[in-house]
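Reader: Could you take me through one part of this model up close? I'd like to hear about the nonpolar core and whatever sits around it, in plain talk.

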Amino acid sequence: MNEFITKILETLKTNGFPQKRVSLPTEKMYEAADKKGLSFNQVLEQMKTEHKILAEISPEKIIFSQAQTENPQDMMKQAQEMMAKMNPEELRKIQEMFENMTPEQKEEIMKKGKDMGIL
C-alpha cells in the first residue's frame with residue numbers, strides 16, 4: 001500500500017500539491033487500487049492519518065487537499081484578539097469559570113497549553 005500511496009503523492013506534487021488542490025479521476029483511482037489488490041478507501045484513510053491529506057470524492061473526480069494544521073502561535077493570536085474584543089463582564093465570567101474548575105481540569109488546560117507551546 002505504501003508504494004501505491006507514494007505514487008499518488010508523486011502525482012499530486014507534479015500537479016502543484018500541496019499549494020493547490022489536485023483532482024484525479026475517481027474510477028481510474030479505484031481501478032488502479034483494485035489491480036494492486038488494495039481497497040482505495042483504506043488508501044485514502046491512510047493518506048489522511050499519515051500524511052494529513054484529505055479527499056473529497058465525487059462520481060467523476062477525487063479532489064485532494066492538505067489538511068489544515070493549527071499553528072499554536074496562530075491559535076494564541078486568535079485567542080488574544082477574541083479576548084481584546086470581550087467586555088469586562090465576559091472576561092470576569094471566563095476567569096470565574098477557570099477558578100471553579102477542579103485541579104485536574106486546570107492541570108489538563110495547562111498541559112494542553114504547554115503541548116501547544118503557548119505556556
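Author: Sure. Keep in mind that this is a predicted model. The largest nonpolar core is made of 18 residues, and Phe4, Ile8, Leu12, Phe40, Val43, Met47 and Phe64 are the ones with the most contacts inside it. Two or more residues each come from helix 1 (2–14), strand 1 (22–25), helix 2 (26–35), helix 3 (40–51) and strand 3 (61–66). Helix 1 gives the largest share of this core, 5 residues.

Let's stay with helix 1 for a bit. Leaving out residues up to four places away in sequence, Ile8 touches Met29, Phe40, Val43, Met47 and Phe64. Leu9 is in helix 1 too. Its relative accessible area is 15%, and since buried means under 20%, Leu9 counts as buried. With the close sequence neighbours (up to four places away) set aside again, Leu9 touches Met47, His51 and Ile53. Leu9 and Phe64 are 55 residues apart along the chain, yet 10.0 Å separates their C-alpha atoms.

Now over to helix 2, where Thr26, Met29 and Ala33 are buried. These three sit on the same side of helix 2, because they cover an arc of only 70° around the axis. As a bit of background, an α-helix has 3.6 residues a turn, so residues three or four places apart point the same way. The buried residues of helix 2 pack against helix 1, strand 1, helix 3, strand 2 (53–57) and strand 3. Flip to the face turned away from that buried side and you find the exposed residues Glu27, Lys28, Asp34 and Lys35. Just after helix 2 comes Gly37, which takes a positive phi of about 75°.

You may also like the second largest pocket, as some of these names turn up again there. Its volume is about 220 Å³. The lining consists of Phe4, Lys7, Ile8, Thr11, Leu24, Pro25, Lys28, Met29, Ala32 and Lys36. By type, that lining divides into 6 nonpolar residues, 1 polar and 3 charged. At least two lining residues apiece are supplied by helix 1, strand 1 and helix 2, with the largest share, 4 residues, coming from helix 1. So what ties the pocket to the core? Phe4 and Ile8 are part of the pocket lining, and both are also among the residues with the most contacts inside the core. Met29, another lining residue, is one of the residues that Ile8 touches and is buried in helix 2.

Key: Residues numbered from 1 in each chain as written. Predicted model: local features only at pLDDT ≥ 70, side-chain atom pairs only at ≥ 80, totals over all residues. Heavy atoms only, no water. Core = buried A, V, L, I, M, F, W, Y, C linked by side-chain atoms within 4.5 Å. Buried < 20%, exposed > 50% of the residue type's maximum accessible area, 1.4 Å probe, protein only. Contact = heavy atoms within 4.5 Å. 1 Å grid on protein atoms, 1.4 Å probe; cavity = no way out; pocket = protein on both sides within 12 Å on 5 of 7 lines; lining within 4 Å. Points joined across faces, edges and corners; volume = space filled by probe spheres on them. Nonpolar A, V, L, I, M, F, W, Y, C, P; charged D, E, K, R; others polar. Arc of directions from axis to C-beta.
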